Amino acid sequence: MTDPSNKPRTVICVGDIHGYLTKLLNLWSNLRSQIDPDSFNTATVIFLGDYCDRGPDTRKETWMEYADNEEREGWYKGEGYEKMHLQGRRWGGWIKAKFNAAKGVDYKGSIYDAAPTFESYGVAHGSSEINTLRCSFLKWLLRLVLSHAILVEILEELMKAVPEAHKKFLADMVWVHEEDDVCIETQEGVKHCKLIAVHAGLERGKNVREQLEFLKARDARVPKVTDLSGRKDVWDIPKELTETILVSGHHGKLHIEGLRLIIDEGGGLEDNPVAAIVLPSMKIVRDTDNFS
């Protein structure tokens with residue numbers, strides 16, 4: 001354990017970025033201004049995921065049980081799609097609906113709003129080409145013929161455009177991060193806790209140790225990982241966890257309840273801030289804060 005006479009180390013947890021580099025740089029500047037230099041320079045910084053899509057600056061065949069969503073979500077169905085991961089097909093496809101009623105904004109290409117990510121690498125997403133063919137019935141038929149070929153070509157262009165360093169960065173990402181002896185200020189005083197950071201959370205009713213082991217294994221053959229994509233089923237801290245901070249992004253909300261921290265105030269929306277939480281103080285810092 002940390003010597004109580006020593007100052008607790010600083011831990012910074014940064015919420016979802018979604019390709020908004022300017023917001024991230026502003027957030028970083030605000031964090032630097034609010035944390036003393038020694039603590040800032042030695043801080044442990046944890047990014048909670050969703051680095052790309054929606055914002056402009058991002059530079060196995062296990063999907064059958066979700067097939068009912070394929071047409072509605074416009075999954076990619078070009079060459080080699082049979083061997084693609086479910087999430088890759090959803091990300092690289094083209095959603096038919098224009099408006100995302102849940103968020104109150106237009107979709108940007110795919111259900112994951114991937115068009116800005118393509119465009120940040122200089123590659124147009126399939127939606128831009130395909131949408132130009134929606135004007136008439138004949139053009140709609142033409143779209144059916146051409147869309148698969150267009151998507152194949154565009155995805156190939158994207159793979160060529162993404163630098164190897166970016167691919168390695170994504171391939172090396174962990175699915176869960178753990179820290180021992182993280183301090184947090186509470187109404188009862190400063191607590192020394194374990195910290196678990198996972199994008200969405202840990203699932204209720206399932207053994208925590210088994211979930212952590214699965215996340216560390218990073219088995220991409222699993223079509224949908226609840227701890228990375230769930231909602232209500234990963235909102236709370238599992239009862240078996242004690243003296244443990246569980247921090248996540250993903251949910252499009254800022255929610256702090258006891259040791260459960262959800263830091264995603266932006267939700268990938270252009271007008272919303274990117275936020276971070278600083279431990280042990282529990283201070284929330286946003287890119288939009290004006291500390292001058």
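These are my notebook entries on confidence, one helix and a few aromatic rings in this structure.

**Entry 1: confidence**

I began with how far to trust the coordinates, since this is a predicted model. The chain averages a pLDDT of 84, and 83% of the residues score at least 70. I then looked up the weak spot: over residues 127–138 the pLDDT is below 50. In the model this stretch still has 19 contacts beyond near neighbours in sequence. Where pLDDT is low, the predicted coordinates should not be read in detail. I left those contacts alone and moved on.

**Entry 2: helix H9**

Which residues of helix H9, residues 208–217, are buried? I found Val208, Gln211, Leu212 and Leu215. They cover an arc of only 95° around the axis, which means that they lie on the same side of H9. I turned the helix to view the face away from that buried side, and there I met the exposed residues Glu210 and Ala217.

Next I asked what the buried residues of H9 pack against. My list has strand S5 (176–186), strand S6 (189–198) and helix H10 (226–229).

I checked both ends of the helix as well. At the N-terminal end, Asn207 acts as the cap of H9. A side-chain oxygen of Asn207 lies 3.0 Å from the backbone nitrogen of Arg209. After H9 comes Arg218, and I noted its positive phi, near 50°.

**Entry 3: aromatic rings**

How many aromatic pairs does a search of the whole structure find? The search gives 4. I wrote down two of them in full. A pair of aromatic rings is described by the distance of the centres and the angle of the planes.

Phe47 and Tyr51 are a tilted pair, 6.1 Å centre to centre with 40° between the planes. Tyr51 also pairs with Phe169: their ring centres are 5.5 Å apart and the planes stand at 85°, so I logged this pair as edge-to-face. Phe47, Tyr51 and Phe169 together form one aromatic cluster.

Are these rings buried or exposed? I looked up each in turn. Phe47 is partly exposed, with a relative accessible area of 31%. Tyr51 counts as partly exposed too, at 29% relative accessibility. Phe169 has a relative accessible area of 44% and is likewise partly exposed.

**Entry 4: a charge over a ring**

Last, I looked at Tyr20 and what sits over its ring. It is the charged end of Lys23, 4.1 Å from the ring centre.

Conventions
Residues are numbered from 1 along each chain as its sequence is written. This is a predicted model: local features need pLDDT of at least 70, side-chain atom pairs count only at pLDDT 80 or more; totals for chains, interfaces and linings use all residues. Side-chain values use heavy atoms; hydrogens and water are left out. Buried means under 20% relative accessible area, exposed over 50%, partly exposed in between (1.4 Å probe, protein chains only). Helices (H or I, at least four residues) and strands (E, at least two) are DSSP runs, numbered from the N terminus. The arc is that of the directions from the helix axis to the C-beta atoms. Contact means heavy atoms within 4.5 Å. A polar contact is a pair of N or O atoms within 3.5 Å; within protein, one must be able to donate a hydrogen and the other to accept it, and residues adjacent in sequence count only if both atoms are side-chain atoms. Rings of Phe, Tyr and Trp (its six-membered ring) pair if their centres lie within 6.5 Å; planes under 30 degrees apart count as stacked, over 60 as edge-to-face and the rest as tilted. A charge sits over a ring if NZ of Lys or CZ of Arg is within 6 Å of the ring centre and within 35 degrees of the ring normal. pLDDT is the predictor's confidence in each residue, from 0 to 100.
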